[in-house]
Amino acid sequence: MDSASGGGAPESNTGAGSSSAPPPVSGSGSASGSGSAPSQQQPPESSSPAPPSRYESQKRRDWNTFLQYLKNHKPPLTLARCSGAHVIEFLKYLDQFGKTKVHMSGCPYFGHPNPPAPCACPLKQAWGSLDALIGRLRAAYEENGGRPESNPFGARAVRIYLREVREGQAKARGIPYEKKKRKRPAPAVTAAAVSVAASAAATATATAGGGVGEGGGGGGEVARNAAAPTTTVLSPPPL
């Protein structure tokens, strides 16, 4: 019986807990729910980072491919020992994965932009693809701690090689590569300049109108003088 009466004690304590003891966790949450509800409904500002752009993703893949090429090089090369000559070797290595038909000098379709039949000339990387690749690798090199003055992707030998590839493919494919001319932006006309020009034009118009009115008044006076009759008095001859 004592145990039963003791078992009923917690129930009576829970019922009187509001006056003597703080409510449980659920009760405290309901008491403070009105103050914390707006903050819980607001999403966190930095919930997930923005996905990288297509350019950044491609640049990362190109950089990893180049590092893997240096690792598989015989003998293996480090990035610090990489030079422009190694970059040219890497570009020539990529030709085996190219998809652009470049006719040889002895091919009957040499210089033909649209050959009528297939030939045995090799497939290579297009000049435009190599040029864009070098631009991405040049930026990635400096982003990963490389110094601009020692950037192997900006070496003079690499620029000469790319120019030779461009000229050679232009002759072999019969497609000239023309540099795009940059259009100079037109000078922007501000609202202040327009208002100043408008006020100047209004002032000039008002001045011209006043001059015409004055001139018109002068002309009327001259006309009245001209229209007024003139009387000539002849003096008698001397006796």
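Helices here are DSSP runs of H or I with at least four residues, strands are runs of E with at least two, and both are numbered from the N terminus. By that rule, Arg156 lies in helix 7, and we'll come back to that residue later.

This is a predicted model, so local features need pLDDT of at least 70 and side-chain atom pairs count only at pLDDT 80 or more, while totals for chains, interfaces and linings use all residues. Residues are numbered from 1 along each chain as its sequence is written, and side-chain values use heavy atoms, leaving out hydrogens and water.

**The overall layout**

Let's start with the whole chain. The protein chain has eight helices and two strands. Read from the N terminus, the order is α-α-α-α-α-β-β-α-α-α. Its accessible surface comes to about 18100 Å², and 58% of that belongs to carbon and sulfur atoms. Such areas come from the Shrake-Rupley method with a 1.4 Å probe, and for residues only the protein chains shown count as cover.

How much of the chain is buried? Of the 239 residues, 21% count as buried. Here, buried means under 20% relative accessible area, exposed means over 50%, and partly exposed is in between. Contacts (heavy atoms within 4.5 Å) tell us something too: among those with a separation of 6 or more, 60% are between residues 24 or more positions apart.

**Helix 5 and the loop before it**

Which residues of helix 5 are buried? They are Gly84, His86, Val87, Ile88, Phe90, Leu91 and Leu94. These buried residues pack against helix 4, helix 6 (127–143) and helix 7.

Pro75 sits in the loop between helix 4 (54–72) and helix 5 (84–94). Most peptide bonds are trans. The one from Lys74 to Pro75, though, is cis, with omega near -5°.

**Salt bridges around helix 4**

Side chains of opposite charge can pair when their charged atoms come close. A salt bridge is a side-chain nitrogen of Lys or Arg within 4 Å of a carboxyl oxygen of Asp or Glu. A search of the whole structure finds four of them, and here are some, including their N to O distances.

| Pair | N to O distance |
|---|---|
| Glu56 and Lys59 | 3.1 Å |
| Lys59 and Glu143 | 2.7 Å |
| Asp62 and Arg136 | 2.6 Å |

The Asp62 and Arg136 pair links distant parts of the chain, with Asp62 in helix 4 and Arg136 in helix 6, 74 residues apart. Both Asp62 and Arg136 are buried. Salt bridges that share partners also join Glu56, Lys59 and Glu143 into one network.

Look at that network's members one by one. Glu56 and Lys59 both lie in helix 4, three residues apart, which is about one turn of the helix. An α-helix has 3.6 residues a turn, so residues three or four places apart point the same way. Glu143 counts as exposed because its relative accessibility is 53%. Glu56 is at 31%, so it counts as partly exposed. Lys59 counts as buried because its relative accessibility is 3%.

**A positive patch**

Where do positive charges gather? Arg138, Arg156, Arg159 and Arg163 form a patch of positive charge on the surface. Patch residues have over 30% relative accessible area and no salt bridge, with like charges joined within 9 Å. Lys and Arg count as positive, and the place of an Arg charge is taken as CZ. Helix 7 (residues 156–173) gives the most to this patch, with three residues. Why does Arg156 count as exposed? Its relative accessible area is 60%.

Key
Patches are made of residues with over 30% relative accessible area and no salt bridge: like charges are joined within 9 Å, nonpolar side chains (Val, Leu, Ile, Met, Phe, Trp, Tyr) within 5 Å. Buried means under 20% relative accessible area, exposed over 50%, partly exposed in between (1.4 Å probe, protein chains only).
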